[in-house]
Amino acid sequence: MKTTLPTSVKIAKVLTIAGSDSGGGAGLQADLKVITALGGYGMSVVTAITAQNTLGVSRIQDIDLDVIEAQIDAIFLDIGVDIVKIGMLASPEIVRTVASALKRHGAKKIVLDPVLRATSGASLGGDDTAQAMITYLFPMASLITPNLDEASLLLGREIATVADFTLAAQELLDMGPQAVLIKGGHLDATHTQLTDFLMWRTLEDNLEIVQSKEFKHYRVNTANTHGTGCSLSSAIATYLADGHDLAHSVAKAIAYVEAGLEAGRFLSIGEGPGPLWHMHAFYPTALPEEEGKY
């Protein structure tokens, strides 16, 4: 029986539309951990089930299109959504279904992480899926967050150095999103300092202008990086839903992920690259002799 008592506590409601990672380090499992850790209320739409662990992805099963649509409808028609974070959409048909449902429900804030390839190298989409994202989701997106591999696939050429970021971001922005964050985590290992590059449209005196900002931070010396991209985009979405502006949300999200990577250095989960530690603020992992160093 539904209570008639008035509610007085507001909480940021964040919907992740993504694939399931059976290993728990990436995908919607990582998204929900991030949203919860940052004080939001997480909800999920499962687009695909992956059989994966720290060693890689062994199988992917797409969810039926009508089931994906029904999940979106169920959430919007009852709970409501402050912001949508989109991750793995494994086919053009899924992209079109998600875009149509979100448009029908009037979704206003969308953070799109164009997940097209797993860190292990497994394909999670492809050229047709990338083109569908450009056509149907980019014009709806408040922010897209490609890494270097994804930016290269989307643009049809290699994006490999910081010098490539400005032109790449401008070309991606011209495809329709309101903002682009190119993530520099895949810069080669000679880069001890990483650069993430944000470019966004804004209005000043009723005129649209384009602004940009670099975020420089040091590479964390760890193999446990599984789920970093999912976690960053979910953190940005949660901070945006909580009322922070775009540049501040990106800065805070980078700091959160960097702290999670530091904390994840001390975890042993699986035989391959493990995840960052999403709950570092609540359950510190530093070894006794390391405490106070980080």
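Let's start with Glu93 and Arg96, which form a salt bridge whose closest N and O atoms are 3.7 Å apart. Keep in mind that this is a predicted model. Both residues belong to helix H3, three residues apart, and that is about one turn of the helix. Why does that spacing work? An α-helix has 3.6 residues a turn, so residues three or four places apart point the same way. As for their surroundings, Glu93 is partly exposed at 38% relative accessibility, and Arg96 is partly exposed at 36%.

Now let's move along to Arg104, which is in helix H3 too. Which residues does Arg104 pair with? One partner is Glu69, in a salt bridge of 3.0 Å from N to O. That pair links distant parts of the chain, because Glu69 sits in helix H2, 35 residues from Arg104. Another partner is Asp73, with the closest N and O atoms 3.2 Å apart. Asp73 is also in helix H2, 31 residues away from Arg104. So through shared partners, Glu69, Asp73 and Arg104 become one network of salt bridges.

Are the members of this network buried or exposed? Arg104 is partly exposed, with a relative accessible area of 46%, and Glu69 is partly exposed at 31%. Asp73 has 19%, and because buried means under 20%, Asp73 counts as buried. Over the whole protein, the count of salt bridges comes to nine.

Next, have a look at Asp31 in helix H1, residues 27-37. Asp31 is buried, with a relative accessible area of 0%. What does Asp31 touch, leaving aside its neighbours within four places in sequence? Its contacts are Thr16, Ala18, Lys85, Cys230 and Ser234.

A whole helix can be covered up as well. Helix H5, residues 148-155, has six of its eight residues buried, so the rest of the structure largely encloses it. Among the buried ones are Leu148, Glu150 and Ala151. The buried residues of H5 pack against helix H4, helix H6 and strand S7.

What about the outside? Ile11, Tyr41 and Ile79 make a nonpolar surface patch of about 250 Å². Ile79 is in the loop between helix H2 and strand S4, and is partly exposed at 33%.

A word on rings: a search of the whole structure finds zero aromatic pairs. Still, the charged end of Lys213 sits over the ring of Phe215, 5.6 Å from its centre.

Finally, stepping back, the protein has eight helices and nine strands, and 50% of its 294 residues count as buried. Thanks, everyone!

Key:
Residues are numbered from 1 along each chain as its sequence is written. This is a predicted model: local features need pLDDT of at least 70, side-chain atom pairs count only at pLDDT 80 or more; totals for chains, interfaces and linings use all residues. Side-chain values use heavy atoms; hydrogens and water are left out. Helices (H or I, at least four residues) and strands (E, at least two) are DSSP runs, numbered from the N terminus. Buried means under 20% relative accessible area, exposed over 50%, partly exposed in between (1.4 Å probe, protein chains only). Contact means heavy atoms within 4.5 Å. Patches are made of residues with over 30% relative accessible area and no salt bridge: like charges are joined within 9 Å, nonpolar side chains (Val, Leu, Ile, Met, Phe, Trp, Tyr) within 5 Å. Accessible areas come from the Shrake-Rupley method with a 1.4 Å probe; for residues, only the protein chains shown count as cover. A salt bridge is a side-chain nitrogen of Lys or Arg within 4 Å of a carboxyl oxygen of Asp or Glu. Rings of Phe, Tyr and Trp (its six-membered ring) pair if their centres lie within 6.5 Å; planes under 30 degrees apart count as stacked, over 60 as edge-to-face and the rest as tilted. A charge sits over a ring if NZ of Lys or CZ of Arg is within 6 Å of the ring centre and within 35 degrees of the ring normal.
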